Amino acid sequence: MISIILPTYNERDCIYDLVESIENIMEAYEYELLVVDDNSPDGTSDLIRTKFEGVKHHHLVTRYTNRGLVNSINEGISKSKGNICAWMDTDLSMSPTLIPMMLKKIEEGGDLVVGSRYIPGGAIKGGNPNEAFSWGKVSTALSRSEDSLLSAVISKGGNKVIKTILGSQLNDFSSGYFVVRKDILQNPALIGGIVDYCIQFVSAIERNGYQVAEVPMTLIPRRTGKSKTSNSILSILSIATKCLLTACQLRFSRGRLSKTR
């Protein structure tokens, strides 16, 4: 069984449509759905409580303390009953249509599958995988949403830098869209902040010798609400700096470990 974990905060305008889409896509699968909400003031929990009423494999967890994205996902993992866990952003930027593709990679021997913007067939927010990449087109598309062009530029370039620092075969270290075998997860499964946790998570899986696969993912610009990661230039630069430092620390610790063997 696959446990799909949806961490939410102020996603009332998006979460209903996302849940409906997952229900349609996963109809042929054995799965459970866990919405882990940080007591959103916009009433996300109230909406989901009504939506999930009477549905046995749907669960709402409303958190009042120790809130935050990473803690929410960890709690979802700890409460999950499936042997495979999946999680994604809940602002409709990530399509649940990828889940069957990612599950197929697990069936083929993968331990962790990452939705990747930076492999053929994938694209950043505002991009089109079927067209030649153009920052002009990306800028035009993002100008109509709450997403940031600066964030997109830093993400695209930063992932190349992190790939070089870590010497990894992976292309997208800040994806946030994962399907993973639960039995390989540590406790807690995730550590770190809102984006750098992704780098630490993927690096730990690779370092332990597990198989990591990627499937192409196209991010969709946010339709409503405010981005949690690109709401100001200061926030974007702070997150980018933290990600770079995390990659350097991981590289340094890996090199130090190899010297002591």
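Which residue in S6 is the bridge partner of Ile 84? The tour below arrives at that pair after a look at the whole chain and at the strands on the way.

Before selecting anything, note that this is a predicted model, in which local features need pLDDT of at least 70 and side-chain atom pairs count only at pLDDT 80 or more, while totals for chains, interfaces and linings use all residues. Residues are numbered from 1 along each chain as its sequence is written, and side-chain values use heavy atoms, with hydrogens and water left out.

**The whole chain**

Display the chain as a cartoon, and you can look for eight helices and seven strands, where helices (H or I, at least four residues) and strands (E, at least two) are DSSP runs numbered from the N terminus. The radius of gyration is 18 Å, close to the 18 Å that the globule rule gives for 261 residues, so the chain is as compact as a globular protein of that length; the radius is taken over C-alpha atoms, and the rule is 2.2 Å times the number of residues to the power 0.38. Of the 261 residues, 48% are buried, a term that means under 20% relative accessible area with a 1.4 Å probe, counting protein chains only.

**Strand S1 and its partner S2**

Select residues 2–8, which form strand S1: seven of the seven are buried, so this strand is largely enclosed by the rest of the structure. In a regular strand the side chains alternate between the two faces of the sheet. Here Ile 2, Ile 4, Leu 6 and Thr 8 point one way, whereas Ser 3, Ile 5 and Pro 7 point the other way. Add residues 31–37, strand S2, which runs parallel to S1 and is joined to it by seven bridges; two strands count as paired if DSSP finds at least two bridges between them. Within this pairing, Leu 6 stands opposite Val 35.

**A stop at His 58**

Move to strand S3, residues 58–62, where His 58 is found. This residue is buried, with a relative accessible area of 5%. Leaving aside residues up to four places away in sequence, His 58 touches Glu 23, Tyr 31, Leu 33 and Phe 52, a contact being heavy atoms within 4.5 Å.

**Strand S4, and on to S6**

Now select residues 84–87, strand S4, where Ile 84 and Ala 86 on one side and Cys 85 and Trp 87 on the other are all buried. S4 pairs with S1 in the parallel sense over four bridges, and there Trp 87 stands opposite Ile 5. With strand S6, residues 178–181, S4 pairs in the antiparallel sense, also over four bridges. Finally, select Ile 84 together with Arg 181, its bridge partner in S6.

Methods: Buried < 20%, exposed > 50% of the residue type's maximum accessible area, 1.4 Å probe, protein only.
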